[in-house]
Amino acid sequence: MIRPPGFNYSAEVERALRDERPVVALESTVIAHGLPRPQNLETARRLEAIVREGGATPATIAVVGGRILVGLEPAQLEHIAASRTVHKLSTRDLPVAVARGWDGATTVASTAFAAARAGLSVFATGGIGGVHRGELPDVSADLPELARTSLAVVVCSGAKSVLDLPATREWLETHGVTVVGYGCDEMPAFYARSSGLPVDARCDSPAEVAALVDARRALSMRGALLVTVPVPGEAEVSPGFLQEVLDEALAEAEREKVGGRDLTPFLLARMAEQSDGATLGANLALLESNARVAAQIAVALK
Ligand code: PSU
Ligand code: MN
């Protein structure tokens, strides 16, 4: 296998790729900027453990000293979780981080890009970015990356509830991203199990997802299949309550003029506070369940 320049593989990921065993990519922005400490490091470790229990090898992706790391050693994972100077790197930031030797956490967009370049095919995350609410068209780079980067599968719980979900759904349709409901008929809404928005196909097993991946390969389609898994029922936040805390968080963001790359982390943190940790509980539960499903799919693809 050709190793792209600028990429470093952990020993564990290197071995798995050499032996053609299943690997699941994990993002690091959720660790560095999406979750409070100390749950962030605990969660990062737990997600890796869940992928291993599922029979696959975890490859958490981040940038350290300008090198793109595919799989982190324990000390590197601790650094990404603990440091306050880790940049949030979306695709547009990657060349800057590499050229300047930065440390950074990768978003869904840049993780998908790096995972594909590194030869991986399955990636698990919490919620993808999408079309933000408000007048300025603020569209996460996660969306175009899903449409163009050739990965087999991205597993998530839909787009984050802070977004304009109908507009995000339309964007995916326009750009030819097939949305799968994993055990569900509606696209999940991150902290909530349903959104009222349709999926393109329902799958109830890893084998059914693998059949869709095979069909995409046969058609030489680029981009990724988006497999959406609802948050586990016991951790779901009721839509009414969610709307309340979200409205407050959005109003606060506007008052404090929070925008750009700071908006998503700000909204997630405010909602966790205002919901007394309910949204945080949902976030942790869905991250774990998505890692589990991704490992099963990665195994089925081998
Ligand atoms: N989902 C979470 N927590 C997060 C994110 C997603 O549960 O922190 C991160 C992901 O890394 C995603 C990013 O790619 O937020 C989107 O940010 P933006 O809207 O600025 O593109
Ligand atoms: Mn944005």
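Visitor: Where does the largest cavity lie with respect to domain 1 (1-120) and domain 2 (125-302)?

Guide: The largest cavity lies between the two domains, because domain 1 (1-120) and domain 2 (125-302) both contribute residues to its lining. Please bear in mind throughout that this is a predicted model.

Visitor: How is such a space to be recognised in general, and how many cavities of 30 Å³ or more are counted here?

Guide: The general idea is that rolling a probe the size of a water molecule over the atoms reveals where empty space remains. In this structure the count is one cavity of 30 Å³ or more. The space in the largest cavity amounts to about 90 Å³.

Visitor: Which residues line the largest cavity?

Guide: The lining consists of Leu 26, Glu 27, Val 30, Ile 31, Ala 44, Leu 47, Thr 60, Leu 77, Ala 124, Thr 125, Leu 287 and Ala 291. Two or more of the lining residues come from each of helix H2 (29-34), helix H3 (39-53) and helix H12 (278-301). By character, nine residues of the lining are nonpolar, two are polar and one is charged.

Visitor: I should like to turn to charged side chains. How many salt bridges does a search of the whole structure find?

Guide: The general idea is that side chains of opposite charge can pair when their charged atoms come close. Here, a search of the whole structure gives 14 salt bridges. One of them joins Arg 52 to Glu 12, with 2.8 Å between the closest N and O atoms. Since Arg 52 belongs to helix H3 and Glu 12 to helix H1 (residues 11-18), this pair ties together parts that are 40 residues apart in sequence.

Visitor: How should the surroundings of Arg 52 be described in terms of relative accessibility?

Guide: Arg 52 has a relative accessibility of 40% and therefore counts as partly exposed. Its partner Glu 12 is likewise partly exposed, at 26% relative accessible area. The pair is also part of a wider arrangement, for Glu 12, Glu 48 and Arg 52 are linked in a network of salt bridges.

Visitor: With which side chain does Arg 169 meet in a salt bridge?

Guide: Arg 169 meets Asp 200, with an N to O distance of 3.0 Å. Arg 169 lies in helix H8 (residues 165-174), while Asp 200 is in the loop between strand E9 (179-182) and strand E10 (201-203), so the bridge ties together parts that are 31 residues apart in sequence.

Visitor: Is Arg 169 buried or exposed?

Guide: Arg 169 counts as buried because its relative accessibility is 5%, and the cut-off for buried is under 20%. Asp 200, at 46%, counts as partly exposed.

Visitor: Which side chain meets Asp 185 in a salt bridge?

Guide: Asp 185 meets Arg 202, and the N to O distance is 2.9 Å. The loop between E9 and E10 holds Asp 185 and strand E10 holds Arg 202, so the pair ties together parts that are 17 residues apart in sequence. Asp 185 is exposed, with a relative accessible area of 54%, whereas Arg 202 is partly exposed at 36%.

Visitor: Finally, how many aromatic pairs are counted?

Guide: An aromatic pair is read from the distance between ring centres and the angle between ring planes. The count is one aromatic pair. Phe 190 and Tyr 191 form this pair, at 4.5 Å centre to centre and with 40° between the planes, and the arrangement is tilted. Phe 190 is buried, with a relative accessible area of 2%, and Tyr 191 is buried at 1%.

Note on methods:
Residues are numbered from 1 along each chain as its sequence is written. Chains are lettered from A and ligands numbered from 1 in the order in which they are written. This is a predicted model: local features need pLDDT of at least 70, side-chain atom pairs count only at pLDDT 80 or more; totals for chains, interfaces and linings use all residues. Side-chain values use heavy atoms; hydrogens and water are left out. Rings of Phe, Tyr and Trp (its six-membered ring) pair if their centres lie within 6.5 Å; planes under 30 degrees apart count as stacked, over 60 as edge-to-face and the rest as tilted. Buried means under 20% relative accessible area, exposed over 50%, partly exposed in between (1.4 Å probe, protein chains only). On a 1 Å grid over the protein atoms alone, a cavity is a set of points where a 1.4 Å probe fits but cannot get out, and a pocket is an open set with protein on both sides within 12 Å along at least five of seven lines; lining residues have an atom within 4 Å of a point. Grid points are joined across faces, edges and corners, and a volume is the space filled by probe spheres set on the points. Helices (H or I, at least four residues) and strands (E, at least two) are DSSP runs, numbered from the N terminus. Ala, Val, Leu, Ile, Met, Phe, Trp, Tyr, Cys and Pro count as nonpolar, Asp, Glu, Lys and Arg as charged, and the others, Gly among them, as polar. Domain bounds come from an automatic or database domain assignment. A salt bridge is a side-chain nitrogen of Lys or Arg within 4 Å of a carboxyl oxygen of Asp or Glu.
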